Amino acid sequence: SEVRSPKTKMAALILRRNVLPVYWSTSLVVSPFICRNATSTPNYEKLIERSTENKLKGRPLSPSLRHLAMHPDPVWILSFGHRASGILTTGGISVAALLYLTSSTSFPLIIDSVHAAAFSPTTITVAKFCMALPICYHFINGMRHLMWDSGRGLTMTTVVRAGLIVLTCAILSAGGLALYTPGK
């Protein structure tokens, strides 16, 4: 048996409690060799050391919003955007579905009333863009998360570059959907 330092024991405990259940819940097999190497890397030991220091000083696990506003970072901005787009998409679809289910009118009648309101084409295009953007961003960024789940693109430069590509693709696809008008 090998002798472990307190830091290594704590790293192994955190790994056992936080990381391994995620791997087991997704039916992935993690060998003890991978776990032992993960707890002995310098970066992982720094993470454990900082985590222990922050816990002793009573610091929160996540940074405050004021700190995030003062130090904007593309990674957390895109992460927040993914969560916000998921909430907006789910909330918008849920509210629309509830309004439709509790309404006594049919869907074609609702569409006809929007057309009868005689909004300008610019207003309708902007409204369609605002509805399409969170859906497109959440969908395309979900593809980026699937790439991360496969273990690819985890370096910081690749994360930032892929985030900008996702943002560009989401804006272009939402713009395309907003400008699309089906033929009658």
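Colleague: Why does Tyr100 count as partly exposed?

Modeller: This is a predicted model, in which local features need pLDDT of at least 70 and side-chain atom pairs pLDDT 80 or more, while totals for chains, interfaces and linings use all residues. Residues are numbered from 1 along each chain as its sequence is written, and side-chain values use heavy atoms, without hydrogens or water. Buried means under 20% relative accessible area and exposed over 50%, with partly exposed in between (1.4 Å probe, protein chains only). Tyr100 counts as partly exposed because its relative accessibility is 39%.

Colleague: Which residue forms an aromatic pair with Tyr100?

Modeller: The count comes to 1 aromatic pair (ring centres within 6.5 Å; planes under 30 degrees apart are stacked, over 60 edge-to-face, the rest tilted). The two rings lie 6.2 Å apart, centre to centre, with 85° between the planes, so the pair is edge-to-face. The partner of Tyr100 is Phe107.

Colleague: Which elements give two or more residues to the nonpolar patch?

Modeller: Tyr100, Leu101, Phe107 and Ile111 make a nonpolar surface patch of about 410 Å² (nonpolar side chains joined within 5 Å, each residue with over 30% relative accessible area and no salt bridge, that is, no Lys or Arg side-chain nitrogen within 4 Å of an Asp or Glu carboxyl oxygen). Helices here are DSSP runs (H or I) of at least four residues. The elements that give two or more residues to the patch are α5 (74-102) and α6 (107-116).

Colleague: Is Ile111 buried, partly exposed or exposed?

Modeller: Ile111 is found in helix α6. Its relative accessibility is 34%, so Ile111 counts as partly exposed.

Colleague: Which helix gives the most to the lining of the largest pocket?

Modeller: The largest pocket has a volume of about 1,200 Å³ (an open set of points on a 1 Å grid where a 1.4 Å probe fits, with protein on both sides within 12 Å along at least five of seven lines). Its lining holds 33 residues (an atom within 4 Å of a point), with Ile111, Val114, Ile124, Lys128 and Met131 nearest the centre. Two or more lining residues come from each of α5, α6, α7 (121-149) and α8 (156-179). With 10 residues, the element that gives the most is α7.

Colleague: How far apart in space are Thr89 and Ile135?

Modeller: Thr89 has its place in helix α5 and is buried, with a relative accessible area of 17%. Thr89 and Ile135 are 46 residues apart in sequence, and their C-alpha to C-alpha distance in space is 6.0 Å.

Terms used:
Patches are made of residues with over 30% relative accessible area and no salt bridge: like charges are joined within 9 Å, nonpolar side chains (Val, Leu, Ile, Met, Phe, Trp, Tyr) within 5 Å. Accessible areas come from the Shrake-Rupley method with a 1.4 Å probe; for residues, only the protein chains shown count as cover. Rings of Phe, Tyr and Trp (its six-membered ring) pair if their centres lie within 6.5 Å; planes under 30 degrees apart count as stacked, over 60 as edge-to-face and the rest as tilted. Grid points are joined across faces, edges and corners, and a volume is the space filled by probe spheres set on the points.
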